[in-house]
Amino acid sequence: MFKLESYITPILLSYVAKYVKNFRDEDAQVSLWEGEVSFQNLDLRLEVLEEELNLPVELVSGHIHELSIQVPWTKLMSEPVKIVINTIEFVAKLPDSESKQRRASFQREQRRKSKRESVEQPDQQPKSSAAGSSSSVVNKIINNISLQCHNIILKYVEDDIVVSMNVQTLNFSSAGEDWKPTMVDIHPVSVVMRKLLQVSDLTICLDKRNTAGRIEVCQEPVLYRCTLECRVLRKYNANTVSTTSTTRIGVFTKALDINVSSLQFPMVMRLIKMLLELKPTELEEDPQNPEDQEAVAEGNDGEQSAEPSGQSMFWWAWNLLPSFDNEAPSSSCDAPTGHAFDMGIYAEELNFQLKNSEYFTDQSMGGIKRIRYTPILRISLGGLYYERTQLKECDWANVKAGLSSICMEPLGVYRSEDPVDRNLIHTQEFLDERSFIDKSLFDENYMFADRSWCSYNYEDYVARNTDEYMLFRSPVLAFDIIEYRVPKTSNHPAADGQLRDLGLRIQYRLLSAGITFHFSQSFVQNR
């Protein structure tokens, strides 16, 4: 008789062992069969996390205070397996040349290991009728694993800058068509996968440390108790995933309140410059020695089962499942040929406040050093969105951004008592407060069959995204960039060298309406 315990238990424990140092699963196996197992004080494998997440920074340390796995053996088809983490801490820094070389060596070793396993796996896992009949059951259980993290702490240190990020609660689970957490069935070939990530109470602090490495005075948080929701939609065919897939990612927040002081502003600019220069490490590198070339040659036979870039966490568990008979790929005329990627960021309200700050000695508190804040300016943005779509195989990329309302208001001594002179910039209140999320993953009327969001032809894109539609989504400011390639003419009188980049086209569009600028005389006098 086929027993789920014989498949689920090794997969869950091997998943933990992959990311945790010095993990022994012999003692945990019995506890897991009883329904729950707990681990305390775990050190993480940092190089594996850097590789899996393709991080542009180097992890200095990673530690989990408590991790528990809860398996509802009697309700496995209706309730998910839960992984609960209480307090996880990371310390990160910019990678140096030595860490880059170490990471590149680790990537080559992992690539060789993956290629060898793909060749040896058919011999190591013979097909079984019982296992084959239960593969869909195991597949459903693994793909519906939910993750709950409480108290995530990330600290980044760079010269005299210390960035501290804390997340009170993080929930990761599978979702249905209505984007509610639920148990979903996964087709073994034609896969449509929805994942939901919910972040509560995200707080980011930015402080400056002295030459001794200590923070003398902690400043107010730059971002305080923000709530985010991330939705991920993946569609692919298991037989053609190496050549065709669709990935959509959306991030939404109702309110984003950012407060920056004059002491933090130079540090913010340094961090922005650093982020613009950072690039994720390339996971695919050309082999540099005969061993790498041999590994690539061995893996060419199994290229069909190669895991897609950025999906190794899901595919690691997928590849451990019992094998099943592949069905013929279903052709779909609306699916683009290639790997389509769509990223969208949406904020219903974004408030930015700039404050002047200065140190002073508080004699009433025993002469300790404190910071005095004076508000200067507040900028409020409404209906803000940024979208980027790319289809690499046909050299197509486009970026869209929009803004539905804006208000710039002086504060404190710079604020005018006259209501007419109070706002430097303001717009009319937009009527449709949800238009900026139209055809996104957060649109309640969105259906996956509606593919109007992905146009990979210039004429079709312009016909769908007219000036009127762009201003409907964001009536104050709309902006887009389209990069595409057109066929080159063969009877052009110019030389071939002059035609090398003739097919590349970049189109820009900027639309704006309804913005009122009011330069207050009282603001100038107070300044």
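Leaving aside neighbours within four places in sequence, which residues is I69 in contact with? The answer is L12, V16, L32, G35, E36, V37, F39, V81, K82 and I83. This is a predicted model. Its chain has 527 residues, and buried residues make up 40% of them. The secondary structure comes to 11 helices and 17 strands.

**Whole chain**

- Among contacts with a separation of 6 or more, 71% are between residues 24 or more positions apart.
- The accessible surface of the chain is about 29,500 Å². Carbon and sulfur atoms hold 52% of that surface.
- The whole structure has 21 salt bridges.

**Nonpolar cores**

- The largest nonpolar core has 65 residues. I69 is one of the residues with the most contacts inside it, along with L12, F39, L44, L67, V71 and V81.
- Helix α1, residues 5-19, gives the largest share of this core, with six residues.
- Another core lies apart from it and has seven residues. Among them are W396, Y456, Y461 and Y484.
- As a general background point, nonpolar side chains in soluble globular proteins tend to be buried together.

**Strand pairing around β10**

- Strand β10 covers residues 339-362, and strand β8 covers residues 245-253. The two run parallel and are joined by nine bridges.
- On the β8 and β10 pairing, V251 stands opposite I345 in β10.
- Strand β9, residues 256-261, also pairs with β10 in the parallel sense, over six bridges. V260 stands opposite L354 in β10.
- Strand β11, residues 368-391, runs antiparallel to β10. The two are joined by 22 bridges.
- L354 has a bridge partner in β11 as well, and that partner is L377. L354 therefore has V260 on one pairing and L377 on the other, by the DSSP bridge assignment.
- β10 and β11 form a hairpin with five residues between them. In the turn, G366 has a positive phi of about 85°.

**Backbone angles to check**

- Most residues other than glycine have a negative phi. Two residues listed here have a positive one.
- T87 is not a glycine, yet its phi is positive, at about 65°. T87 lies in strand β3, residues 82-93.
- T87 counts as buried because its relative accessibility is 18%, under the 20% cut-off.
- D201 is also a residue other than glycine, and its positive phi is near 55°. D201 sits in strand β6, residues 190-208.
- D201 counts as partly exposed because its relative accessibility is 21%, where buried means under 20%.

**Salt bridges**

- D201 has a second role in this list: R225 forms a salt bridge with D201. Their closest N and O atoms are 3.2 Å apart.
- That pair links distant parts of the chain, with R225 in strand β7 (residues 223-237) and D201 in strand β6, 24 residues apart. R225 is partly exposed, at 48% relative accessible area.
- The side chains of R270 and D160 meet in a salt bridge, at 3.2 Å from N to O.
- R270 lies in helix α6 and D160 in the loop between β4 (146-158) and β5 (161-174), so the pair ties together parts 110 residues apart in sequence. R270 counts as partly exposed, at 38% relative accessibility.
- R270 and D160 also belong to a network of salt bridges with D159 and K208.
- K254 forms a salt bridge with E348, with the closest N and O atoms 3.4 Å apart.
- K254 is in the loop between β8 and β9, and E348 is in strand β10, 94 residues away. K254 counts as exposed because its relative accessibility is 52%.

**Surface patch on helix α6**

- F265, M269, I272 and L276 make a nonpolar surface patch of about 400 Å².
- M269 lies in helix α6, residues 265-277. M269 is partly exposed, with a relative accessible area of 42%.
- R270, of the salt bridge with D160, lies in helix α6 too.

Technical notes
Residues numbered from 1 in each chain as written. Predicted model: local features only at pLDDT ≥ 70, side-chain atom pairs only at ≥ 80, totals over all residues. Heavy atoms only, no water. Patch = residues over 30% accessible without salt bridge, like charges linked within 9 Å, V, L, I, M, F, W, Y side chains within 5 Å. Areas by Shrake-Rupley, 256 points an atom, 1.4 Å probe, with all protein chains shown as cover. Salt bridge = Lys/Arg side-chain N within 4 Å of Asp/Glu carboxyl O. Helix = DSSP H or I, 4+ residues; strand = E, 2+ residues; numbered from the N terminus. Buried < 20%, exposed > 50% of the residue type's maximum accessible area, 1.4 Å probe, protein only. Core = buried A, V, L, I, M, F, W, Y, C linked by side-chain atoms within 4.5 Å. Contact = heavy atoms within 4.5 Å.
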